[in-house]
Amino acid sequence: LSYRAPELLRGEAATERSDVYAAGVTIYRMLAAEYPHGRIRSIDDWQHQRRYVPLRQQNDALPSELDDILERACAPDPKRRYSTIEQFGAALNTAQARAAVDHTPAPAGANTPDHEARWSWWLVGVLGAGLCTYLYFVLH
């Protein structure tokens with residue numbers, strides 16, 4: 001249930017914004033091994049005003065821009081989320097491109113926080129693009 005958008009737990013119809021929520025939770029979980037709002041077991045869990053746990057609190061090597069993108073994708077209110085999976089994917093790709101420009105290449109074999117952050121961005125970009133492409137074809 002932790003991957004389900006709150007509106008689905010209330011019995012509302014699924015929308016593309018519900019898929020954005022699930023994709024955001026999936027990417028957050030891949031990077032932090034936690035859920036952005038804690039583990040959700042029932043609608044009652046949402047009624048206790050779950051708050052977004054910043055991604056950087058889980059992994060401070062990740063850029064704050066990525067955290068902002070995932071916070072929006074995982075917003076409890078569907079109106080605050082990206083309206084389409086394409087918008088979400090574009091935001092991830094733009095942030096990844098910005099991060100690539102902002103960093104100089106690490107020496108071979110370097111295991112610095114910047115190097116780890118670049119690998120994280122690469123992973124998020126590839127998985128996010130794949131997930132967005134999959135959802136695009138499934139929804140259309």
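**Exercise 1. Count the aromatic pairs in this predicted model, then work out the geometry of the one formed by Tyr 28 and Tyr 52.**

Start with the tally: the count comes to 3 aromatic pairs. Now take Tyr 28 and Tyr 52: their rings sit 5.7 Å centre to centre, with 70 degrees between the planes. Planes over 60 degrees apart count as edge-to-face, so that's the label for this pair.

Next, place the two partners on the chain. Tyr 28 belongs to helix α2, while Tyr 52 lies in the loop between α3 (43-46) and α4 (55-58). They're 24 residues apart, so the pair links distant parts of the chain. Both Tyr 28 and Tyr 52 are buried.

**Exercise 2. Classify the pair made by Tyr 82 and Phe 88, and decide whether each residue is buried or exposed.**

Geometry comes first: the centres are 5.6 Å apart and the planes differ by 35 degrees. Under 30 degrees would be stacked and over 60 edge-to-face, with the rest tilted, so Tyr 82 and Phe 88 make a tilted pair.

For burial, the cut-off is under 20% relative accessible area. Tyr 82 comes in at 8%, so it counts as buried. Phe 88 has a relative accessible area of 0%, so Phe 88 is buried as well.

**Exercise 3. Find which charged side-chain ends sit over the rings of Tyr 35 and Tyr 82.**

Over Tyr 35 you'll find the charged end of Arg 29, 4.2 Å from the ring centre. For Tyr 82, the partner is Arg 72, whose charged end is 4.0 Å from the centre of the ring. Remember that Tyr 82 also pairs with Phe 88.

**Exercise 4. Work out which residues touch the most other members of the largest nonpolar core, and which element gives the most to this core.**

This core has 28 residues. Those touching the most other members are Leu 31, Leu 55, Leu 66, Ile 69, Leu 70, Tyr 82 and Phe 88. Two or more residues each come from α1 (6-9), α2 (16-32), α5 (64-73) and α6 (85-102). The top contributor is α2, with 8 residues.

**Exercise 5. Sum up the whole protein: what are its elements, how much is buried, and how far apart in sequence are the contacting residues?**

Elements first: there are 7 helices and 0 strands. Burial next: 36% of the 140 residues count as buried. Then contacts: among those between residues at least 6 apart in sequence, 60% join residues at least 24 apart. Finally, the accessible surface is about 8000 Å², and carbon and sulfur atoms account for 52% of that.

Technical notes
Residues are numbered from 1 along each chain as its sequence is written. This is a predicted model: local features need pLDDT of at least 70, side-chain atom pairs count only at pLDDT 80 or more; totals for chains, interfaces and linings use all residues. Side-chain values use heavy atoms; hydrogens and water are left out. A nonpolar core is a set of buried Ala, Val, Leu, Ile, Met, Phe, Trp, Tyr and Cys residues joined through side-chain atoms within 4.5 Å. Buried means under 20% relative accessible area, exposed over 50%, partly exposed in between (1.4 Å probe, protein chains only). Helices (H or I, at least four residues) and strands (E, at least two) are DSSP runs, numbered from the N terminus. Rings of Phe, Tyr and Trp (its six-membered ring) pair if their centres lie within 6.5 Å; planes under 30 degrees apart count as stacked, over 60 as edge-to-face and the rest as tilted. A charge sits over a ring if NZ of Lys or CZ of Arg is within 6 Å of the ring centre and within 35 degrees of the ring normal. Contact means heavy atoms within 4.5 Å. Accessible areas come from the Shrake-Rupley method with a 1.4 Å probe; for residues, only the protein chains shown count as cover.
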